[in-house]
Amino acid sequence: MEEVEAVVGRPASMIMLKQLSALDDGCLDVLARSPIAGFGHRDSAGTSRTTFVGGAKGFVRVHSPTRISFPLDGAADGPASLVFLLPGTGETLRVNGVVRRGGFDVEEVYVHCAQAVLRSGLWQAPAVAPPAPEVEDGPLAAPGVADFVAAAPFLVLSTWDSSGGSDTSPRGDQRQVARIVDGRTLVLADRRGNRRADTLHNLLSDNRISFAALVPGRNGVLHVRGRATITADPAVLEPLSLRGIPPHAALLIDVEAAELTANDAVTRSRLWNPAARGEVPDLMALASRHLAANSPKGRSALLGIAERVPARWLRALMNLAYRSGLRKEGYEVAPLEVRATAPQADPVREVRVVEVRHETPSAVTLVLEDGRQFDFRPGQFFTLVTDIDGEQVRRPYSASCAPGGTRLEVTVKQTGRFSTHVRSLRPGDRLGVRGPSGDFRVGTGHDVVLVAAGSGITPVMSVIRTLLAGPGGDRIALLYSNRTAEDVIFAAELAALGEKHPDRLSVTHVLTSRDGRLDGPRFRSWTRELALGPAARFYLCGPEPLTEALRRTLEQLGVPDDHVHAESYASSSTSASTPVGAATPQRVHVESGGRAVGTAVVEPGQTLLDAGLAAGLPMPYSCTVGSCRECAVKLLRGQVSRQTDDGRVLTCTSAPLTDVTLEV
């Protein structure tokens with residue numbers, strides 16, 4: 001202990017006074033806004049584990065100031081620790097305690113300074129990674145591991161003391177936080193900090209460690225465990241020097257296991273997308289309040305000063321202190337602003353649910369508003385965006401109302417996870433809306449023949465409402481197929497519109513439980529009864545097998561191709577299947593007009609779109625299930641799992657097989 005303190009020094013008394021034994025209101029505010037935390041624990045076999053948990057703001061449930069819980073994959077029991085991150089913010093909140101009976105008992109809480117995040121540039125645009133050394137054998141020779149180590153500027157490191165107490169500490173460094181010595185050894189610089197030295201003190205009694213490392217823009221996490229030795233050997237420290245200034249110590253890690261995996265918490269929290277960040281509390285101001293509250297002498301005076309000093313003054317003072325400290329360590333640039341300035345890649349319009357109208361036992365209409373007008377063309381769709389169990393989910397739904405109003409109506413039939421969630425919404429709930437998109441648009445000046453099946457009536461209803469509200473005299477004929485009368489969406493309104501406009505609208509229902517399936521011969525017979533003119537236009541909306549069958553029938557009837565427009569859809573279970581890409585991470589480079597826009601890394605099992613959006617790249621998209629082609633981009637270089645007939649790539653359903661370059 002004396003040797004460690006001789007190297008790193010002893011912490012100032014004020015550092016220890018920032019520590020609490022329970023969560024106060026400021027800590028609870030941090031937990032409500034943090035979407036992710038590093039979590040260190042040991043399993044039942046005593047194996048050290050560190051990972052990232054969470055995925056959405058407020059993922060922690062607070063039972064009391066000393067008891068919290070959160071979702072966790074796998075079992076944990078005993079001493080454990082957390083470090084909560086606020087995207088765009090340097091300081092972190094560290095919480096130490098014990099996992100027992102399915103919850104986490106809080107024993108120690110304090111705000112950690114911003115130096116680890118500032119050193120790493122965690123919230124800045126990803127830097128170009130240095131080339132990884134060649135590793136021939138050992139845990140670090142596993143596919144993708146060495147490249148990840150070379151690119152990772154930040155990690156959270158877990159250690160334990162002799163009594164079993166746990167600590168998880170943030171570590172960051174310029175360009176790469178850990179360096180490979182050989183296939184079984186890493187070296188991690190220990191630079192100047194707050195001199196608490198919890199990690200070093202713990203290693204004196206228990207040398208087992210684990211860490212989880214991050215690379216900005218990537219959704220993968222490198223999990224490493226092993227045993228660490230503290231060294232002040234100049235031969236080890238000198239290669240870690242910055243501008244000729246070596247660290248005061250380092251950790252030599254004998255790696256027992258290294259695994260690179262996609263991390264659900266990183267993916268769902270949209271950690272790298274600046275558009276997903278909101279207002280956050282100032283943790284330095286919070287730390288000042290903790291210090292004042294814990295000061296035994298002059299407590300009221302310190303607390304009064306902490307409350308009176310403007311937060312911006314305190315922040316400016318700490319930024320100067322950070323900058324001075326980092327310069328003394330040899331950093332060329334000490335960034336004061338940790339918020340990234342990447343392009344707003346995901347322009348989602350927030351709306352409020354004002355009404356939920358039940359159309360049938362399995363279909364509801366959501367009425368949405370935000371005080372502004374919704375402009376679109378009848379037949380177009382919008383993409384609804386919401387969080388379900390902490391995961392951001394996007395699904396396309398056609399507008400069923402006429403355009404131009406301040407309220408948007410979308411009608412959703414229950415078919416999967418998203419539509420089931422929609423049925424639980426109530427007035428006052430909020431959703432994101434993106435769009436409009438799609439080219440299923442109806443012209444005027446001719447007879448309009450509409451064919452819909454099931455929920456395919458939603459864009460068709462927008463067309464009917466718009467045409468009947470206009471001055472034209474076009475005839476509208478609707479053939480609408482459902483299984484039973486109970487399944488007919490808008491049944492009452494369609495009947496009322498038919499009675500109100502008998503010369504303009506005719507509605508024919510096909511109930512498959514009574515009449516049999518709608519097929520080519522039945523459709524042919526119906527169209528002949530309409531006595532249509534040669535200028536009639538046909539608009540089909542339903543499952544793809546049906547629309548293709550009706551297309552063939554119209555072709556046999558001699559209807560020109562440009563007189564037929566179709567909108568088909570597939571079930572969510574088939575359209576949203578995970579593409580099969582490369583077994584190792586691949587880079588996607590995005591260009592626009594010949595200029596580089598940015599780079600993301602696609603983890604195994606990810607789509608090109610998900611990786612691009614997670615990295616904050618301006619990727620076009622709408623439906624996200626392969627139906628609308630809004631995400632279609634040009635492949636400039638490389639190979640992907642799926643291309644369209646015209647050689648383009650639907651990024652929402654395709655994964656890379658090699659490094660690729662796309663033009664958006």
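User: Hello! What makes α16 and α17 oblique to each other?

Analyst: Welcome! This is a predicted model, and in it helix α16 (residues 520–530) and helix α17 (residues 544–556) pack at an angle of about 50 degrees. Angles under 35 degrees count as roughly parallel and those from 65 to 115 as roughly perpendicular. The angle of about 50 degrees fits neither range, and therefore the two helices are called oblique. Their axes are 9 Å apart, and α16 passes α17 in a right-handed crossing.

User: Why is the pair of F39 and F70 called edge-to-face?

Analyst: Planes over 60 degrees apart count as edge-to-face. For F39 and F70 the angle between the planes is 80 degrees, so the pair earns that label. The centres are 5.3 Å apart, and the limit for a pair is 6.5 Å. This pair links distant parts of the chain: F39 belongs to strand β1, while F70 is in the loop between β4 (67–69) and β5, 31 residues away. Both residues are buried, and together with F59, F84 and F104 they form one aromatic cluster.

User: Which residues touch the most other members of the largest nonpolar core?

Analyst: F39 appears again here, alongside L82, F84, L93 and F104, in a core of 33 residues. Among the elements that each supply at least two residues are β1 (36–42), β5 (78–85) and α11 (311–328). A second, separate core has 31 residues, including L140 and V177.

User: How do you know that R175 is partly exposed?

Analyst: Its relative accessibility is 49%. Partly exposed covers the span between under 20% for buried and over 50% for exposed, so R175 falls in the middle class. R175 lies in the loop between β9 (166–172) and β10 (178–182), and its phi is positive, about 70 degrees, although R175 is not a glycine.

User: What makes R243 exposed?

Analyst: Here the relative accessible area is 54%. Exposed means over 50%, so R243 meets that cut-off. R243 sits in the loop between α7 (234–237) and β14 (249–262), and this residue, also not a glycine, has a positive phi near 50 degrees.

User: How do you know that the charged end of R434 sits over the ring of Y621?

Analyst: The distance to the ring centre is 4.0 Å, and the limit is 6 Å, along with a condition of within 35 degrees of the ring normal. The charged end of R465 likewise sits over the ring of F490, 5.2 Å from its centre.

Notes: Residues numbered from 1 in each chain as written. Predicted model: local features only at pLDDT ≥ 70, side-chain atom pairs only at ≥ 80, totals over all residues. Heavy atoms only, no water. Core = buried A, V, L, I, M, F, W, Y, C linked by side-chain atoms within 4.5 Å. Buried < 20%, exposed > 50% of the residue type's maximum accessible area, 1.4 Å probe, protein only. Helix = DSSP H or I, 4+ residues; strand = E, 2+ residues; numbered from the N terminus. Phe/Tyr/Trp six-rings, centres within 6.5 Å; stacked < 30°, edge-to-face > 60°. Axes fitted to C-alpha atoms, helices over the stretch in contact; angles between N-to-C directions. Parallel < 35°, antiparallel > 145°, perpendicular 65-115°, else oblique. Left-handed = near helix turned anticlockwise from the far one by under 90°.
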